[in-house]
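Colleague: I'm new to reading structures like this one. Please take me through it slowly, with the terms explained as we go.

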Amino acid sequence: MGKSISLDIAALILLVILLVSCIRRKMTSGPPNRIFLCTMLIAITAASFDIVAVVLDNSQNASDSALYTAHVGYLITHFLSAPLHLLFVIGLTDTWHKLRKNPGLQVLLILPLGIMMAAFVVNAANGMIFSVEGGYTKGPWFPLMYVLTMLYIIFDIVYIVQYRILFSKGKILAISAVIPIGLVSMLVQMAVPSALVEMFGGAVSLLIISIGIQRPEDYVDSFTLLMKYSAYANHMKRTFYNDKHVNIIMLNIGNFHTIQSLMGFDPGTRVLKSVAEKIREVNRRMQGYADLYYLDNGRFRMVFFGKNIDKAEPIADVLMKELKQKTNLNGIDVDLTPFIVLARCPEEITDFKMLMTFGSDFHEKNHYTGQVMKAGELYDSNQLDIQNNIDTIIDRALESKSFQVYYQPIYSIAEGRFISAEALIRLFDSEHGFISPETLITAAERNGAIHKIGEFVFEQVCQFIASEEFKRLGLDYIEVNLSVAQCMNGDLPETLFSIMRQYQVPSDKINLEITETAAAFAQRVMAENLEKLTQAGISFSLDDYGTGYSNMKRVIQMPLKIIKLDKSFVDEQNNPKMWIFLKNTVKMLKDMNMEIVVEGVETQEMLDAFSDLKCDFIQGYFFSKPIPKKEFVTFITKANGISRY
Ligand code: C2E
Ligand code: MG
Ligand code: MG
């Protein structure tokens, strides 16, 4: 029966389309892409040889040498697809260095290919694989090709299983699809030699890989034409997993947001494009051979590895110098604030999560110096570790009830005694030690734990207020902080009322602190909450006054009893202009019948200055830091001259 070439032609068409689409989608850089391109070229060659071979087989007057060339060409190129697939898998895991260090493994991987090639050489003389005398016929060694292909398939499986952690499920399916498809088409081909399904099976496998793994939208950013966040994340995961050394230039454009919001989307993208072009150009000029990435929000990365690792430092310096120069957009000179950090991994940044956490906001946490900074000098690994694990830390603290409430005394200038205190949360984690309330509260707001934490603090405070020892202290009220998320929760008043009822706490003993940020979100729910709580007799303070968006209209409209001047404001009292401003602010607030707490008073001089301004209350280290309840009771007892019995 004559063989049909229609499936081979279909395979050929499919492969050519795939090849063109990969080139058009710029899937050409990096070892896995190149191996994949090579696999497609080899498969196209194999399909072409097969078509020629079949045509010659079917024609009666083909010469033996032409027939032999077509068949041997097909069998060799077809066989090559198995080791190429294995190389592709190794490329995806980025474990070349391990392979290079292991000659045993190298031999194991090359041996089947060597045997097969030797067999083809010998075949020219003995025709043991196939011969073309009197038409194409398979020889007794023909199954050797299947056996050796099977070996590569086994290597494939071992590799994929060993490195499965580096791939998502979808990707594992896509890379592994070739195995069942290859096996089935091999069996069909053996059972029905005229079917010629192998090439088509191979083409379909490559298509699946291309769809499942080589998706450019996963990898290439369409504006900058640099590789994307996901490609960077994959590269870095592999790097840390394989314990490879890389140097990374982390470039965050500090004022990218401002540029985009002031000048618009298009100029913003033009800035990104020009920075990307600069990075490409410097990388080319200085032969850095780095992998280049654009993540998002003005964040770029250059990853140096292998023998180019030491080029990171000089390139970082040149890049900084050139990016500091003005960029011209629409005739307007734009000054960028390029923050560049050089990170040696894994020496300075030891794991993937730390790298990502550190990279997300170092430009917000450090001052702009115009110099390249070193990761090792910038970050506190314990702090990063805390940020990475804060969700677990919070869960652990909630479970083991290890949150504590400290109290910081508040002094009344008019009465010459301590009249209240602010309740402040404290957490000492068994693993990480002291966790700053800012880190804690920010994370708790994000993961929703803030509501439980807030209830805990409020209950502790109510329990304290209800106690006999508190009553003896003669304090007027306790201030409790409310976070933004709490303020916006419609259940807040009911939750607080029920705790107060439980401990029979009168509402005038509670003062709730809200921040300007919360006030800025002042939406309906927040306004309703304030209204209900105020109606019930609870008073409010505006915390950290002077740090946020001091919107006077909002301040005036809210039912506030106390304004707390922020420490950062207070710290500038030696600045004459600031002092004029402070003096007038205090006067204005007093005219509105607000009471004023000065936060962060640390010296006698500060105390005197604010007393002269006729502020009402003073809170700060000058009197006391926040202290545990027991110490606080002792402190107030002594300071207010209260007899214990
Ligand atoms: P805050 O409400 O403005 O609290 C005042 C902060 O200033 C406290 O920091 C306090 O220790 C600190 N402080 C007071 N006097 C001085 C001083 O003289 N010098 C200096 N350098 N610092 C002083 P802390 O306890 O670290 O709390 C930080 C922030 O965390 C608080 O700022 C508040 O916004 C938040 N926070 C703390 N506890 C809670 C809580 O239970 N719930 C909520 N939602 N937020 C809380
Ligand atoms: Mg406060
Ligand atoms: Mg404050």
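Modeller: Let's start with a term: a crossing of two helices is left-handed if the near helix is turned anticlockwise from the far one by less than a right angle, and right-handed if clockwise. This is a predicted model, where local features need pLDDT of at least 70 and side-chain atom pairs count only at pLDDT 80 or more, while totals for chains, interfaces and linings use all residues. Residues are numbered from 1 along each chain as its sequence is written, chains are lettered from A and ligands numbered from 1 in the order in which they are written, and side-chain values use heavy atoms, with hydrogens and water left out.

Colleague: Is the crossing of H19 and H22 left-handed or right-handed?

Modeller: Helices (H or I, at least four residues) and strands (E, at least two) are DSSP runs, numbered from the N terminus. H19 covers residues 450-466 and H22 covers residues 492-503. Where these two cross, the hand is right-handed.

Colleague: At what angle do H19 and H22 pack?

Modeller: Axes are lines fitted to C-alpha atoms, for helices over the stretch in contact, and angles run from 0 to 180 degrees between N-to-C directions. Under 35 degrees counts as roughly parallel, over 145 as roughly antiparallel, 65 to 115 as roughly perpendicular and the rest as oblique. H19 is therefore roughly parallel to H22. Their axes are 9 Å apart, and the angle is about 30°.

Colleague: How many nonpolar residues are in the contact of H19 with H22?

Modeller: Contact means heavy atoms within 4.5 Å, and here the residues include Phe458 and Cys462 of H19, and Leu496 and Ile499 of H22. Ala, Val, Leu, Ile, Met, Phe, Trp, Tyr, Cys and Pro count as nonpolar, Asp, Glu, Lys and Arg as charged, and the others, Gly among them, as polar. Next to 3 polar and 2 charged residues, the nonpolar ones number 7.

Colleague: How far apart are the axes of H22 and helix H24?

Modeller: H24 is made of residues 524-535, and the angle with H22 is about 25°. These two helices are therefore roughly parallel to each other. Leu492, Pro493, Leu496 and Phe497 of H22 meet Asn529, Lys532 and Leu533 of H24. The axes are apart by 9 Å.

Colleague: Which residue bridges the magnesium ion (ligand 3) and the magnesium ion (ligand 2)?

Modeller: Donors are N, O and S atoms within 2.8 Å of the metal (3.2 Å for Na, K and Ca), and water is not among the atoms, so sites may look incomplete. For ligand 3, the protein donors come from Asp543, Asp544 and Glu599, lying 2.0 to 2.4 Å from the ion. For ligand 2, they come from Glu422, Asn481, Glu513 and Asp543, lying 1.9 to 2.2 Å away. The two ions lie 4.0 Å apart, and the bridge between them is Asp543.

Colleague: Is Asp543 buried or exposed?

Modeller: Buried means under 20% relative accessible area, exposed over 50%, partly exposed in between (1.4 Å probe, protein chains only). Another donor, Asp544, is partly exposed at 25%. Asp543 has a relative accessibility of 5%, so Asp543 is buried.

Colleague: How many residues apart are Asn481 and Glu513?

Modeller: Both are donors of the magnesium ion (ligand 2). Asn481 sits in strand S13 (residues 477-481) and Glu513 in strand S14 (residues 510-515). Asn481 is partly exposed at 28%, whereas Glu513 is buried at 1%. Along the chain, their separation in residues is 32.

Colleague: What is the phi of Gln504?

Modeller: Most residues other than glycine have a negative phi, and most peptide bonds are trans. Asp243, in the loop between helix H11 (229-241) and strand S3 (246-253), has a positive phi of about 60°. Gln504 lies in the loop between H22 and S14 and is exposed at 70%. Its phi is also positive, near 50°.

Colleague: Which residue does a cis peptide bond join to Cys345?

Modeller: Omega of this bond is about 5°. The partner lies in the loop between strand S8 (338-345) and helix H15 (352-365). The residue joined to Cys345 is Pro346.

Colleague: How far apart in space are Asn297 and Ser131?

Modeller: Asn297 is in the loop between strand S4 (291-294) and strand S5 (299-305). Not counting residues up to four places away in sequence, Asn297 touches Phe256 and His257. Ser131 is 166 residues away in sequence, and the C-alpha to C-alpha distance is 63 Å.
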